[in-house]
Amino acid sequence: MEVDLKIVLPGDAIPVNTESTVILGPGLRQEGDEVVATKAGILRHLESGNRWWIESNQKRYVASTGESVIGTVIAKLGEYFRVDIGTAHAAVLPMLAFEGATKRNRPNLSVRSLVYCRVAMANRDMEAELECVNPTTGKGDGFGELVGGYVFTGSLGLCRRLLNPNTPILTLLGEHFPFETAVGMNGRIWVNSEEPNITILIANAIQHSEYLSEEECRQMVKDLISKL
């Protein structure tokens, strides 16, 4: 269960018990025995995995280990791909960081291919490293190349809300249209359906849902369907 806590400012101490396993997300840093906020926003806590982070609508994405992102391949080098994920510097995606990949069986991604990845390592002094496998299972689990569909950008706050199962818009759309979606914490959203006009409709509905209540989302989806 995700719990809404409070608004914090840079330098604020966060009441996190560091004696147990804690996963710190964007906006938080451990200094000695304390966890300190590094940016202003809403403090969030997810009991599953004891995850803490600060939610804010910053313009540029800052990579954080464990987050899912959508990237575009911008170069193919000897042992890895360079991928644009919206950070200040391109990230690195090793060719062996795919399910079933070996030195003889490597993924054949071309420049401008879309990939859904997990941030395997993030350090402010180094390029982020990506992977297309779930480190727990060793399987792809949805990570890999995104074929077809349509990718668009949304605020970082919207993307975080879309990954919350309690966010209504995806459920409401799924009651009327079969579609696939991948949401990156870097502000990119991929949608794919059987027909291009339905894909664009779904993308527009998602973009306009950011500040709507559940009832307003329901009415918006109803209005869109009536116009088809």
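Helices and strands here are DSSP runs, with at least four residues for a helix and at least two for a strand, numbered from the N terminus. Counted that way, this predicted model has four helices and 16 strands in its protein chain. The radius of gyration is 19 Å, close to the 17 Å that the globule rule gives for 228 residues, so the chain is as compact as a globular protein of that length. Along its principal axes, the C-alpha trace spans about 60 × 50 × 30 Å.

Now for the inside. Buried residues make up 44% of the 228 in the chain. In soluble globular proteins, nonpolar side chains tend to be buried together. Here the largest nonpolar core has 28 residues, and those with the most contacts inside it are Phe81, Val83, Ile85, Leu93 and Leu130. Strands 8 (68-76), 9 (80-84), 10 (91-94) and 11 (114-121) each give two or more residues to this core, with strand 11 supplying the largest share, five residues. Domain 2 (67-146) and domain 3 (150-226) both contribute to the core, so it lies between them.

Take a look at Phe81: leaving aside residues up to four places away in sequence, its contacts include Val73, Ala75, Leu93, Phe98 and Leu109. There is also a second, separate core of 21 residues, with Cys159, Phe177, Val183 and Val191 among them.

One stretch comes with a label from a record: an unreviewed UniProt entry annotates residues 149-196 as "domain: K Homology". Over those residues the chain is 31% helix and 31% strand, and the end C-alpha atoms sit 8 Å apart.

Finally, the outside: the chain exposes about 12,700 Å², and carbon and sulfur atoms supply 50% of that area.

Technical notes:
Residues numbered from 1 in each chain as written. Predicted model: local features only at pLDDT ≥ 70, side-chain atom pairs only at ≥ 80, totals over all residues. Heavy atoms only, no water. UniProt positions renumbered as here; feature names shortened; annotations may be inferred. Core = buried A, V, L, I, M, F, W, Y, C linked by side-chain atoms within 4.5 Å. Buried < 20%, exposed > 50% of the residue type's maximum accessible area, 1.4 Å probe, protein only. Domains from an automatic or database assignment. Contact = heavy atoms within 4.5 Å. Rg over C-alpha atoms; globule rule 2.2 N^0.38 Å. Areas by Shrake-Rupley, 256 points an atom, 1.4 Å probe, with all protein chains shown as cover.
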